[in-house]
Amino acid sequence: MTDNNSVDRRRFLQATGGAATAAALAGCLGGGGEETDTETDDDGEMTTTSDGDSEPEGNDRTLQLINSTITTLDPIKATDTASGTIIQNVFDALMNYPNGEVAVENLLAESVDISDDFRTYTFTLKEGVQYHGDYGEVTAEDVVYSFERLAASEQSRRTYFILAYALNVAHETDDEGAYVPGSLQMAATGDYEFTMRLAEPFAPAMEMLAYTSFSVIPKGILGDIDVMPAGGLDSDETEEIGSGEMEHSAFATESPIGAGPYEFDHWESSQEAEIVRYDDYHGGEVLNGGVFWNVIPDPETAYQYSQNRNSDLISMPTSKYDPGKVSVEGTDDLGRQYGTYGPMDNGDTANYLSVATINSYYIGFNCENVPKPVRQAIAYAMNQQEGVDQVFKGRGVPAYHLTPPNIYPGGAPEYDTHAEENYPYGYNTTNIEDAKSVMEDAGYGPDNRYEVTFTTYQSPTWQGLGKLLRDKLASAHVNMQLEEAPFSTLLERGRNGNLEAYSLGWIMDWPRPNNFLGQAVPELTNTDQEGGAQGFYLDWDGDDDGLTEAAEQAQSAWETIQSNPEPTDEAQAARDEAYVQMEEAMWEDMVLLPTYHLTEERFWYDWVDIPRYGGGGPSRQKNWKVVISERSN
């Protein structure tokens with residue numbers, strides 16, 4: 001599926017109560033039980049087998065989970081999945097991906113009206129939605145304030161989501177092109193009515209507003225912005241905010257205030273975090289007492305922790321995974337496979353779910369630190385199919401594009417055809433002679449070998465792939481050194497240009513190709529700018545000699561995408577062609593080596609009743625409908 005939407009959406013959400021306009025897809029930076037009271041039906045919704053009720057009865061038990069390193073609880077600052085998973089449950093946005101399915105629904109929004117030119121959006125909010133603590137009711141002014149923070153706060157790492165590269169709310173810029181605070185074309189036109197105007201149409205606008213960066217927080221709670229828009233849409237009036245009620249460090253680590261299904265309880269850095277049920281949640285009854293995360297970045301340690309039944313969901317690193325233990329019992333109408341896995345090391349058989357989520361995992365290169373011939377040699381040495389089969393044990397499909405197959409123009413068949421016919425480094429093959437040749441043409445040889453460091457996050461799997469590449473590249477005049485770094489450290493180093501080759505992945509913010517390809521726009525990959533790279537850590541923005549020909553192609557293609565934003569077939573065709581041009585430009589300069597698209601799997605114990613997640617992945621799923629029965633020891 002691509003990002004076309006031929007349905008007239010202007011009043012669709014009002015008429016359907018928030019049903020999605022896009023079809024559901026079956027697909028930073030993860031069996032059967034005995035005598036259970038609840039089960040999951042083929043649509044992923046919970047049903048009760050004991051008394052026939054439509055939903056199981058909740059209780060006060062806490063969902064026990066494992067998380068990776070958490071960096072912040074501020075929705076506009078978080079860029080990693082570990083933080084985002086908690087933010088998803090503490091905060092609410094206007095829209096939501098229910099259970100991680102990519103068909104958006106209303107959340108804080110009651111309805112929306114969209115103008116004929118697809119630029120002006122008028123939201124009516126639900127009334128009576130309460131913040132946690134003593135912060136009162138969610139209002140339209142809170143939305144204006146929250147969106148202004150996303151655009152103007154120095155804490156924001158997602159300014160481009162609301163400004164030029166994504167939603168593109170109309171605004172003013174100064175002589176240097178920087179955003180003028182308070183100039184967003186948005187206004188609270190009533191206590192519960194909010195209007196915003198886009199500079200240009202943006203086809204996935206509703207999906208964009210489901211992202212956690214657009215979470216709503218109480219107006220004026222922080223002092224990191226001075227003004228916000230006031231008056232009507234066409235007004236240039238601003239309202240002064242003041243110094244705020246809370247220090248940012250306290251909000252981001254100790255007291256995040258949202259309107260989600262859970263209230264924040266505590267977070268001990270590198271150790272644990274906990275949230276507790278919010279009894280006044282506007283969405284309905286929260287069916288468990290809260291969620292507790294033990295922070296365990298090491299996959300092997302996380303596995304053992306869950307094998308000891310300390311976690312309700314089971315961590316299953318690829319090093320411990322045995323595909324022969326999967327028993328698929330069926331496939332639901334969204335293409336999700338379900339069944340059992342086991343027996344595991346502890347003797348238990350787990351419940352099993354497999355979903356083709358929207359993601360891409362890749363080896364990225366900092367172009368200033370690694371010459372193009374070396375990048376190309378690594379691509380020639382890579383056999384994506386071999387990596388999936390031997391290293392990732394079949395838990396995904398080989399990747400040749402940054403755009404995942406389920407949202408590639410024309411879908412998976414076109415993805416495969418384009419890659420098989422055009423990928424320049426060998427489709428499912430290793431081309432050592434070509435790797436050697438490109439290095440020798442650049443002046444390298446037995447007595448002049450290139451030294452490159454491949455940095456992975458803490459993952460035996462990625463280290464295993466690195467060893468495969470290292471051994472192959474030895475015949476192509478490349479010495480590859482391997483190192484591991486904590487995930488948060490890898491991100492920080494990458495953002496500041498202190499990596500050579502590195503492993504990372506991208507999970508959808510919204511289910512369209514521009515979400516992935518927008519991270520590779522050359523000018524966004526500059527690690528020398530204040531705050532580091534805004535997109536991927538590629539430094540593909542050129543040097544004193546300017547952009548390469550391929551980078552110019554990518555930049556031009558992105559401009560075409562930006563110039564054809566309408567949800568029409570004609571604009572869609574222009575975008576689709578430009579998406580492919582960007583993919584081919586990345587191939588030419590080999591700034592990013594697609595490796596695989598993960599098929600996400602969930603393993604859980606019998607005492608857990610949890611809805612199936614969709615193509616958005618488990619990090620997009622709120623946990624308020626998970627029920628925990630009495631645990632087995």
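**Exercise 1. Is R119 buried, exposed or partly exposed?**

Before we start, a word on the model: this is a predicted structure, where local features need pLDDT of at least 70, side-chain atom pairs count only at pLDDT 80 or more, and totals for chains, interfaces and linings use all residues. Residues are numbered from 1 along each chain as its sequence is written, and side-chain values use heavy atoms, with hydrogens and water left out.

*Solution.*
- Step 1: find the place. R119 sits in the loop between β6 (109-114) and β7. Helices (H or I, at least four residues) and strands (E, at least two) are DSSP runs, numbered from the N terminus.
- Step 2: get the class. The relative accessible area of R119 is 26%, so R119 is partly exposed. Here buried means under 20% relative accessible area, exposed means over 50%, and partly exposed is in between (1.4 Å probe, protein chains only).
- Step 3: look around. Leaving out residues up to four places away in sequence, R119 touches M196, R197, L198, A199, E200 and P201. Contact means heavy atoms within 4.5 Å.
- Step 4: compare sequence and space. R119 and M196 are 77 residues apart in sequence, yet 8.2 Å apart in space, C-alpha to C-alpha.

**Exercise 2. Work out how β9 is paired with β7 and β8.**

*Solution.*
- Step 1: take β7 (residues 120-125) and β9 (residues 193-197). They run antiparallel and are joined by five bridges. Two strands pair if DSSP finds at least two bridges between them.
- Step 2: pick a pair of residues. Y121 has M196 as its bridge partner in β9.
- Step 3: move to β8. β8 and β9 also pair in the antiparallel sense, over four bridges, and A188 stands opposite F194 in β9.
- Step 4: check the link. β8 and β9 form a hairpin with two residues between them.

**Exercise 3. Which strands stand at the edges of the sheet β3-β14-β13-β12?**

*Solution.*
- Step 1: read the order. This is an open sheet of four strands with mixed pairing, in the order β3-β14-β13-β12.
- Step 2: find the ends. β3 (62-67) and β12 (262-268) each have a single partner strand, so one side of each is left without a neighbour in the sheet.
- Step 3: add the twist. From one strand to the next, it averages 15°.
- Step 4: zoom in. β13 (residues 272-277) and β14 (residues 290-295) run antiparallel with five bridges between them, and I275 faces V291 in β14.
- Step 5: see what lies across the sheet. Helix α2 (residues 81-90) lies across β3, β12, β13 and β14, at about 15° to β13.

**Exercise 4. Describe the open sheet that includes β24.**

*Solution.*
- Step 1: the four strands have the order β15-β16-β17-β24, with antiparallel pairing.
- Step 2: the edge strands are β15 (326-331) and β24 (600-604), each pairing on one side only.
- Step 3: the twist averages 25° from one strand to the next.
- Step 4: five bridges join β17 (residues 350-355) to β24, and N351 has W604 as its partner there.

**Exercise 5. How do α9 and α12 pack?**

*Solution.*
- Step 1: two packed helices are described by the angle between their axes and the distance between the axes.
- Step 2: α9 (residues 384-391) and α12 (residues 460-473) pack at about 135°, with axes 10 Å apart. Axes are lines fitted to C-alpha atoms, for helices over the stretch in contact, and angles run from 0 to 180 degrees between N-to-C directions.
- Step 3: that angle makes α9 oblique to α12. Under 35 degrees counts as roughly parallel, over 145 as roughly antiparallel, 65 to 115 as roughly perpendicular and the rest as oblique.
- Step 4: name the contact. α9 gives E386, G387 and V391, while α12 gives T461, G464, L465, L468 and K472.

**Exercise 6. Track down some unusual backbone spots.**

*Solution.*
- Step 1: recall that most residues other than glycine have a negative phi, and most peptide bonds are trans.
- Step 2: N168 is not a glycine, but its phi is positive, about 55°. N168 lies in the loop between α4 (159-162) and β8 (186-190), and counts as buried at 15% relative accessibility.
- Step 3: H477 also has a positive phi, near 65°. H477 lies in the loop between α12 and β21 (478-485) and is buried, at 5% relative accessible area.
- Step 4: the peptide bond from G342 to P343 is cis, with omega near 0°. P343 lies in the loop between β16 (337-341) and β17.
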